[in-house]
Amino acid sequence: MGLVVEYGNYIAIAAVLTILIRAVSGPRRAIRRNGEPLRKPPDTLPLVGNGIKFLQSRWDLLSWFDKCQRQFGYETVALSVPTLPPGVLIHSPQNLDFVFKNEGLFTKGEFVKKRSWDLFGNGIINADGDFWKLQRKAGSAFLNTANLRVLTEVALPQYLSESVEELKTSLGGGAVDLQHVLHEITTKLMGKMAYNMEMHANDDFSKSFDFASGATAERFQNPLWPITELFVGCEFRRSVSIVKEFGRRIVARAVQDRGEQRSKDGTDGPLAKDSKLDQISGSLIQSLLKALGNEQHVADAALTYLSAGRDTTGQALTWTFYLLLQHPEAVSKIRAEVASLLLSQEQRQDPSHPPPPPSSPPSPSAANPTDADLDLTLFTPASLPYTTAVFYESLRLYPPIPFEIRQCQAPTTLPDGTFLPKGAVLVWCLWAMQRSKLTWGEDADDFRPERFVVPDDTDSSTSLGNGEVKKDGEEGQGKGKVKFALGKSSAEFPVFYGGARACLGRKMAEAIAAQVIPAVVWGFELEKAWEGPMEGRRSQTSLTLPMEGGLPVRVRKREVVS
Ligand code: HEM
């Protein structure tokens, strides 16, 4: 992208193309609010509009979106990029709610599909209408309660323990890329559960997918991508072909599994296998095969699910640990919450063990981090509300899908009175909206997980956290049981999208976070292992939010608290 920016002649070409396209397409009904043109964002230029902004790195683009949000509040502003349909940048939850409730009106449209077609084809992210419904149904079957139980009770503890063992081998040694470790967990999980394939974060497919994702994301910022790719698209085309080949292998494997099953008992049901995990392995691809039939469509769908589930979750956890490196007080609270949970578990197993007085610290035995047989299945979003709040606060500040684009399928008027002609492009930036002081208050820029917990008056035995909560404006003064409370609508906090197309994997992501965060925080001390300031990490251009250069940390064994 940096190279592209230097090519001023692109801008000239873009300007000429704009004029030509306008001349060819004739007058259009303009975007208006109450008859007036919309205000323009900062740094809008004549002719090229916001085109140059979009040519910057995506990290800089996110900052620019944030600047717009700070300047305009909830106001909708005009976006213009040469060669592209007219557009708006929306900020208000009311407008976004309207979009979520009218998903047939605001679709990905040609604008998005054209750019992501090579990578995702007919996959769920690109699909509309009946084809989308079929894929969604197959995905819902895969993410059902029974499969999620196998995830939390069998698959995740197994893969997480493997990664914890790997971290132990690096104790006291050189830097470890924590992003890679986390990516490995989500890759193995999705590979096995969804496709019955053994997959790893550093295999050829994964690397090619990362590259193709970055190049696809650049298409959304560079209006001249079809020309640029003629010259520099070789690596992209090579990556896409590796990805597609892998998609075909996933499908071939699924067809083979199905054949084996049929010859065994004449059904398409799950193979009779020993472990719970084996029984559900490949259930996504089998559901897709049944629902879609066409093997190319199944391959597209499978690859899209992989990106949706694996990358988002691995990256969300990476940013969570990045924030925890900066907030040792949150680390202490997570440990206290885990200690409290383990202690209560001890008491449940041995009722003769007297409960400690309410304000006393957790017992040494429960707080012993060397405990090798830590039961990871105890760690759930319900049993660890503060930890879950930490995850959500990280998702707020670092949303794995940082902005969204939709295209208007018919002329319409948004709740704030903005008129949009057919074909208009609608953009919202989660990165910016989730930092809005209007929605989140004056401390919107601060990392404060406490915003997602409230006192738990129900005295439920499953809600055992003892994180400190704000009571009557006294931060950290009140101690007691808390429960997780999102407290925001999907339009205010759109990290998992909203309406009919809301994320299908939210529960899966929460369940993974509720085990991975405490397992790492409980057993290890992490410290930054990169040059430069603590706050210096940024994201590379991608469809999601990978950390550029990974998250290098040094790992030490956690000291025993007594
Ligand atoms: C922290 C983790 C995650 C975040 C932040 C997240 C966020 C999102 C967002 C914003 C969308 C809308 C994307 C769009 O259409 O442009 C989405 C859709 C989707 N997500 Fe997630 N997701 C996460 C994890 C997962 C997981 C673990 C899965 C499971 C495989 C999953 C499956 C899906 C699917 C299938 C869709 C498409 C839904 C549809 O179009 O009907 N996601 N997700």
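Two residues are in contact here if their C-beta atoms, placed from the backbone, lie within 7 Å. Keep that in mind for the opening number. In this protein, take the contacts with a separation of 6 or more: 76% of them join residues 24 or more positions apart. One caveat right away. This is a predicted model.

Now the inventory. The protein has 562 residues, and 46% of them count as buried. The secondary structure comes to 20 helices and 15 strands.

Next, the domains. There are two in the assignment. Domain 1 covers 2-120. Domain 2 comes in two segments, 130-399 and 434-557. How many residues of each domain are in contact with the other? Domain 1 puts in 30 residues, and domain 2 puts in 32. On the domain 1 side, five elements give two or more residues each: α2 (8-25), α3 (51-55), α4 (58-72), α5 (93-101) and α6 (109-120). By class, that side holds 17 nonpolar, six polar and seven charged residues.

While we are in domain 1, look just past α2. Ala-30 sits in the loop that runs from α2 to β1 (32-33). Buried or exposed? Ala-30 has 12 other C-beta atoms within 10 Å, so it is exposed. Its C-alpha is 8.1 Å from that of Pro-86, across 56 residues of sequence.

On to the sheet. Five strands form an open sheet in the order β2-β3-β9-β6-β4, and the pairing is mixed. Which strands stand at the edges? They are β2 (77-79) and β4 (106-107). Each has a single partner strand, so one side of each has no neighbour in the sheet. For β4, look at β6, residues 403-408. The two strands run antiparallel and are joined by two bridges. One residue pair to find on screen: Phe-106 has Cys-408 in β6 as its bridge partner.

A second set of pairings involves β15, residues 552-557. Strand β5, residues 176-177, pairs with β15 in the antiparallel sense over two bridges. Strand β14, residues 524-528, also runs antiparallel to β15, with five bridges. Now pick out Val-553 in β15. Val-553 is the bridge partner of Val-176. Val-553 is also the bridge partner of Lys-528.

Now the ligand. The shell around the ligand has 23 residues, and those that come nearest are Gly-309, Thr-312, Cys-503, Gly-505 and Ala-509. Which helices supply at least two residues of the shell each? They are α7 (129-142), α15 (295-326) and α20 (506-523). The largest share comes from α15, with six residues. By class, the shell divides into 15 nonpolar, five polar and three charged residues.

Last stop, Cys-503. It is one of the residues that come nearest to the ligand. An unreviewed UniProt entry also annotates Cys-503 as "binding site". Where does Cys-503 lie? Cys-503 is in the loop between β13 (482-484) and α20. Why does Cys-503 count as partly exposed? The count of C-beta neighbours inside 10 Å is 17. Buried needs 20 or more, and exposed needs 12 or fewer, so a count in between is partly exposed. Leaving out residues up to four places away in sequence, Cys-503 touches Phe-496 and Tyr-497.

To recap the ligand site: α15 gives the largest share of the shell, and Cys-503 carries the UniProt annotation.

Terms used:
Residues numbered from 1 in each chain as written. Predicted model: local features only at pLDDT ≥ 70, side-chain atom pairs only at ≥ 80, totals over all residues. Pairing = 2+ DSSP bridges. Helix = DSSP H or I, 4+ residues; strand = E, 2+ residues; numbered from the N terminus. Near = placed C-beta within 6 Å. Nonpolar A, V, L, I, M, F, W, Y, C, P; charged D, E, K, R; others polar. Domains from an automatic or database assignment. UniProt positions renumbered as here; feature names shortened; annotations may be inferred.
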